[in-house]
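Subject: The structure I promised you

Hi,

Here is the structure to look at before we next talk. Please open it first, then read my notes below it.

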Amino acid sequence: MDAGGKLIIIRKEGIPPLFKPPGKFFDYCAEGKLLYLAPWEYDTRNSPITRQECVEMNTMAEIIATSNITCRLKIQ
């Protein structure tokens, strides 16, 4: 990513409250090079991922990666 690439990380187990991407990932998020997201609520159960979940997450990533949308979120 230092060479200009961008990355989307989709977490099947969700994102816990007060989550902060570790190390350099935090910087990449701040620079707009990394998008961390989760389509489902945070779940501490370590259930195996299904093929259907993988297909859904890949579809989400493809839609985001091929869109020409710029979005700035403001959390209140």
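Below is what turned up, going from the fold to single residues.

A bit of background: this is a predicted model, so local features need pLDDT of at least 70 and side-chain atom pairs count only at pLDDT 80 or more, while totals for chains, interfaces and linings use all residues. Residues are numbered from 1 along each chain as its sequence is written, and side-chain values use heavy atoms, with hydrogens and water left out.

Let's start with the fold. Helices (H or I, at least four residues) and strands (E, at least two) are DSSP runs, numbered from the N terminus. Strand S1 covers residues 7-10 and strand S2 covers residues 34-37; the two run parallel and are joined by 4 bridges. Two strands pair if DSSP finds at least two bridges between them. If you want to see one partnership, look at Ile10, whose bridge partner in S2 is Leu37. Add helix H1 (residues 24-30), and S1, H1 and S2 make a right-handed β-α-β unit. Right-handed here means that, with the strands pointing away from the viewer, the path from the first strand over the helix to the second runs clockwise.

Ile9 is a good place to zoom in, since you will find this residue in strand S1. Which residues does Ile9 touch, leaving aside neighbours within four places in sequence? Phe25, Leu34, Leu35, Tyr36 and Leu37 are in contact with Ile9, where contact means heavy atoms within 4.5 Å. Ile9 and Trp40 are 31 residues apart in sequence, with 13 Å between their C-alpha atoms.

Asp2 sits in the segment before S1. Not counting residues up to four places away, Asp2 touches Lys24 and Tyr28. Asp2 is exposed, at a relative accessible area of 60% (buried is under 20%, exposed is over 50%, partly exposed is in between, with a 1.4 Å probe and protein chains only). From Asp2 to Thr50 it is 48 residues in sequence and 32 Å in space, C-alpha to C-alpha.

Next, the charged pairs. Side chains of opposite charge can pair when their charged atoms come close. How many salt bridges does a search of the whole structure find? The search gives 3, a salt bridge being a side-chain nitrogen of Lys or Arg within 4 Å of a carboxyl oxygen of Asp or Glu. Here they are:

- Glu13 pairs with Arg11, with the closest N and O atoms 3.1 Å apart; Glu13 is partly exposed at 28%, but Arg11 is buried at 17%.
- Lys33 pairs with Glu31, with the closest N and O atoms 3.3 Å apart; Lys33 is partly exposed at 22%, and Glu31 is partly exposed at 47%.
- Arg45 pairs with Asp43 at 2.9 Å, N to O; Arg45 is exposed at 61%, while Asp43 is partly exposed at 23%.

What about the cysteines? There are 0 disulfides in the structure, a disulfide being a pair of cysteine sulfur atoms within 2.5 Å. Cys29 is partly exposed at 26%, and Cys54 is partly exposed at 30%.

One last thing to find on your screen is Leu18, in the loop between S1 and H1. Most residues other than glycine have a negative phi. Leu18 is not a glycine, yet its phi is positive, about 65°. Leu18 is also exposed, at 86% relative accessible area.

Happy browsing!
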